[in-house]
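Student: Please take me slowly through one part of this model at a time, beginning with a close look at a single piece of the backbone. I would then like to follow the description on to the ligand and to any backbone details that deserve a second look.

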Amino acid sequence: MHRSEHGRFAACANFIDGRWIASASGRVFENRNPADRDDLIGTFPESTPQDATAAITAAERAYATWRLFPAPRRAEILYRAAQLIAERKEQLARDMTREMGKVLEETRGDVQEAIDMTFFMAGEGRRLYGQTVPSELKDKFAMSVRQPLGVCGVITPWNFPMAIPSWKITPALVCGNTVVFKPSSLTPLSAFNFVKILEEAGIPGGVINLVTGGADVGTVLCTHDAVKVVSFTGSTAVGRLVNQNAAPGFKKVHLEMGGKNIVMIMDDADLELAVDGCVWGGFGTTGQRCTAASRVVVHERVYARFLDEFSRRVKQLRVGDGAGDGVQMGPSISESQLETVMRYVKVGREEGARLVIGGSRLTGEPYARGWFHEPTIFADVMPSMRIAREEIFGPVVSVMRCGSLEEAIGIGNDVSYGLSASIYTRDINKAFTAMRDMYTGIFYVNAPTIGAEVHLPFGGTKATGNGHREAGIAALDVFSEWKSIYIDFSGRLQRAQIDTQEL
Ligand code: NAD
């Protein structure tokens with residue numbers, strides 16, 4: 001293995017049927033550091049539909065035995081995997097920062113989320129609770145059990161390269177399914193690291209398969225007859241395609257998509273706390289979180305004060321290579337993502353929003369070889385403007401004005417997405433009203449729009465999701481289906497709803 005000034009060079013393979021193998025195409029793609037495009041991290045298979053099909057076939061074969069392997073034993077493998085991730089946390093976080101740019105403190109959090117999720121799902125191996133209910137008939141027993149579905153296609157984005165795969169893969173496995181995993185081509189190393197650990201933890205061949213590559217690999221996962229569940233996190237545009245492609249086969253499709261999340265700041269809020277939350281919520285992960293606080297609506301009585309302090313704090317953010325000491329915000333993930341950010345800044349200006357700070361790409365040393373953009377705030381944004389409605393996925397926050405809680409909630413709900421929202425207020429009545437009336441999957445009081453914990457459901461409404469949730473025990477509902485079982489031990493025919501019981 002070659003070592004550059006940043007670290008190792010990895011030539012990685014797919015993982016199919018328990019073996020690390022190259023793509024049948026023989027082709028590879030490069031993985032480069034978004035903070036320094038000269039840093040080549042490694043090469044990964046540019047897989048073909050044939051590779052995806054081979055992985056699905058292996059997963060289908062492995063399912064026959066894995067589904068019968070007792071769930072507590074399946075869980076023990078996950079438990080060992082969680083321990084291994086914890087032991088290697090620092091190196092895994094460094095690999096992640098190098099391939100996707102967010103600061104080390106945050107990639108450590110990403111890895112920690114994978115540890116938490118994997119331990120959580122290991123615990124589920126001894127639960128996977130169903131229901132037992134009294135029968136309406138005598139000498140009859142009634143219960144429901146969870147059963148696995150088969151092969152699960154797991155398709156993930158780049159912004160949480162280990163946490164999101166763990167949210168999908170660990171519940172799929174503990175329920176007794178097998179998996180074919182296609183990560184984003186921008187973060188294949190973290191996917192490789194995660195699967196390598198599952199292998200070391202003792203997962204049998206074919207139970208987890210890794211196939212790197214692009215949309216054609218993803219399409220096979222959405223259309224192949226043997227795939228029974230597709231769990232996708234990514235953009236709404238691709239999620240729609242995934243849904244359409246999977247529909248003819250009646251697959252169970254779990255979609256987690258885009259967001260345009262809002263922080264609502266009332267006139268009685270602790271403004272210092274609200275500023276802290278908006279800096280972290282808006283610019284953490286360079287604004288590239290599905291739950292990023294990309295909209296802030298502030299009561300007109302505290303608008304000017306909030307804006308002054310918010311822009312003063314954001315101006316101080318130190319931008320640079322996420323691995324650098326004291327760096328608070330890393331680069332955009334790619335050149336095309338940076339271009340999207342610059343395009344939206346132009347749109348915001350043309351729409352008449354007031355650019356308060358930022359607005360430009362960062363050039364010159366130490367930014368010359370990376371995809372860096374200034375943290376950017378637009379003020380006096382109107383709710384109808386595109387920068388207030390469309391997901392930008394970069395370090396751009398739109399600040400709007402409101403005159404009441406009702407107006408803030410109206411603005412908050414008036415977008416096509418419904419992932420996360422938050423309110424800063426000291427008034428419990430306002431907090432509860434907003435909690436009830438914001439139509440989102442996640443809601444925070446006196447905290448920013450980010451900060452989910454793994455043991456509660458995660459997901460969104462409207463164009464963010466299709467009704468499923470991941471994390472928590474809600475994830476088990478994606479990766480299992482119910483079987484209701486009736487055992488009649490009366491020795492005679494008993495007809496439900498027809499035979500009445502004498503006392
Ligand atoms: P993306 O939609 O471009 O890609 C997501 C994944 O889909 C990648 O692995 C990609 O290779 C794959 N893909 C692309 N075309 C496909 C096709 N035709 N069929 C099947 N798979 C295909 O998203 P991205 O840029 O990687 O991630 C950013 C997006 O993800 C943002 O919109 C963000 O909001 C969203 N996201 C949502 C959540 C959530 O939980 N709601 C979490 C993180 C990110």
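Tutor: In this predicted model, strand β6, which covers residues 131–134, pairs with strand β7, residues 140–147, and the two run in the antiparallel sense with four bridges between them. One of the residues to look for is Pro134, whose bridge partner in β7 is Phe141. The two strands form a hairpin, with five residues separating β6 from β7, and within that turn Asp139 has a positive phi of about 50°.

From the hairpin we can turn to the ligand, which is surrounded by 28 residues, the closest being Thr156, Lys182, Ser235, Met257 and Glu391. Three of these side chains can be followed to oxygen atoms of the ligand. For Lys182, a polar side-chain atom lies 2.8 Å from a ligand oxygen, while for Ser235 the corresponding distance from a polar side-chain atom to an oxygen of the ligand is 2.6 Å. In the case of Glu391, an N or O atom of the side chain is 2.5 Å from an oxygen atom of the ligand. Taken on its own, the ligand has 850 Å² of accessible area, and the protein covers 88% of it. The space that the ligand takes up is the largest pocket, and the elements contributing two or more residues to the surrounding shell are helix α7 (215–223), strand β11 (227–233) and helix α8 (236–246). Sorted by class, that shell holds 15 nonpolar residues, 10 polar residues and three charged residues.

Two further backbone details are worth inspecting, and both belong to loops. Thr286, in the loop that connects α9 (271–283) with β14 (295–299), has a positive phi of about 55° although this residue is not a glycine. Pro366, in turn, lies in the loop between β15 (354–357) and β16 (376–379), where the peptide bond joining Glu365 to Pro366 is cis, with an omega of about 0°.

Definitions and conventions
Residues are numbered from 1 along each chain as its sequence is written. This is a predicted model: local features need pLDDT of at least 70, side-chain atom pairs count only at pLDDT 80 or more; totals for chains, interfaces and linings use all residues. Side-chain values use heavy atoms; hydrogens and water are left out. Two strands pair if DSSP finds at least two bridges between them. A residue is near a molecule or strand if one of its heavy atoms lies within 4 Å of it. A polar contact is a pair of N or O atoms within 3.5 Å; within protein, one must be able to donate a hydrogen and the other to accept it, and residues adjacent in sequence count only if both atoms are side-chain atoms. Accessible areas come from the Shrake-Rupley method with a 1.4 Å probe; for residues, only the protein chains shown count as cover. On a 1 Å grid over the protein atoms alone, a cavity is a set of points where a 1.4 Å probe fits but cannot get out, and a pocket is an open set with protein on both sides within 12 Å along at least five of seven lines; lining residues have an atom within 4 Å of a point. A molecule sits in a cavity or pocket if more than half of its atoms lie within 2 Å of its grid points. Ala, Val, Leu, Ile, Met, Phe, Trp, Tyr, Cys and Pro count as nonpolar, Asp, Glu, Lys and Arg as charged, and the others, Gly among them, as polar.
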